[in-house]
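Visitor: Please pick one part of this model and look at it closely. I would like a connected account of the part itself and of what lies around it.

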Amino acid sequence: YEVSRRMERGQPLVWREVLGVVWAERGRQVPWLGAIIVIYFLFWTFLAHMIFALFMGLSAMTNVSDSWGVFLTPQGLRMIGVELVVGAILAFLLYGMTVVSLPLLLDRELDFVTAMLHSISTVRDNLPVMLVWAVLIAVLSLAALLPWFLGLLIVLPVLGHATWHL
């Protein structure tokens, strides 16, 4: 965002000054939102493990060479389906909490709870557009992962710049 802000103002892109903004954010609300995101991902991981345990039970994958076959059983396919649905719901909830709140916290001084509530209400009020944006982010991120994660070097700055303009 700082790079985008500097480009719009015609200011030079000095790495020390750009990265200095990151250091300056440590005392504001962004780290708190980051902590919420980490806790959210820990819960998500726990829930994924619970779903795996519920569906797979005692048939844990102990033979690494034959483990992929477990997923092709009817029980394994049901588990994958439930994981995809639960993951999509959790991903969209996280998207809803952060899509506006992160840029808002970088732009203004307000508390992270207010920013998250504003983000959720923005997504709710503009659902079709926000769904398209979520799908675009997901598709571009997935495509960026395919070439050994190297595509992220291009996709993440482009998405960040686009988000800053939005």
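Guide: Thr-98 is found in helix α5, which covers residues 74-98. Helices here are DSSP runs of H or I with at least four residues, and strands are runs of E with at least two, numbered from the N terminus. The model is a predicted one, in which local features need pLDDT of at least 70 and side-chain atom pairs count only at pLDDT 80 or more, while totals for chains, interfaces and linings use all residues. Residues are numbered from 1 along each chain as its sequence is written, and side-chain values use heavy atoms, with hydrogens and water left out.

Thr-98 counts as buried because its relative accessibility is 14%. The term buried means under 20% relative accessible area, exposed means over 50%, and partly exposed is in between, all with a 1.4 Å probe and protein chains only. Apart from neighbours within four places in sequence, Thr-98 is in contact with Ile-37, Pro-103 and Ser-119; contact means heavy atoms within 4.5 Å.

Ser-119 leads on to helix α7, where it is one of the buried residues. The others listed there are Phe-112, Ala-115, Met-116, Ser-121, Thr-122 and Val-123. The cover over these buried residues includes α3, α5, α6 (101-107) and α8 (127-145). Helix α7 itself runs over residues 112-125, and its 14 residues should span 20 Å at 1.5 Å a residue; the end C-alpha atoms are 20 Å apart, so the two values agree. The expected span is 1.5 Å times one less than the number of residues.

Helix α3, part of that cover, takes in residues 30-56, and Pro-31 lies in it. Pro-31 and Phe-112 are 81 residues apart in sequence, yet their C-alpha atoms are 9.2 Å apart in space. Pro-31 is partly exposed because its relative accessible area is 39%. With neighbours within four places in sequence left aside, Pro-31 is in contact with Glu-25 and Arg-26.

Further along α3 come some aromatic rings. A search of the whole structure finds 4 aromatic pairs. Rings of Phe, Tyr and Trp (for Trp, the six-membered ring) pair if their centres lie within 6.5 Å; planes under 30 degrees apart count as stacked, over 60 as edge-to-face, and the rest as tilted. The Tyr-40 and Trp-44 rings are edge-to-face, because their planes stand at 90 degrees, with the centres 6.2 Å apart. Phe-41 and Trp-44 also pair, but stacked, with 5.6 Å between centres and 10 degrees between planes. Tyr-40, Phe-41 and Trp-44 are thus linked by ring pairs into a cluster. Both pairs fit the helix: Tyr-40 and Trp-44 are 4 residues apart in α3, so about one helical turn separates them, and Phe-41 and Trp-44, at 3 residues apart, are likewise separated by about one helical turn. Tyr-40 is buried at 13% relative accessibility, whereas Phe-41, at 40%, is partly exposed.

One last place is the loop between α8 and α9 (152-165), which holds Trp-148 and Phe-149. Most residues other than glycine have a negative phi. Trp-148, which is not a glycine, has a positive phi near 55 degrees, and Phe-149, also not a glycine, has a positive phi of about 65 degrees. Trp-148 is exposed, with a relative accessible area of 75%, and Phe-149 is exposed at 54%.
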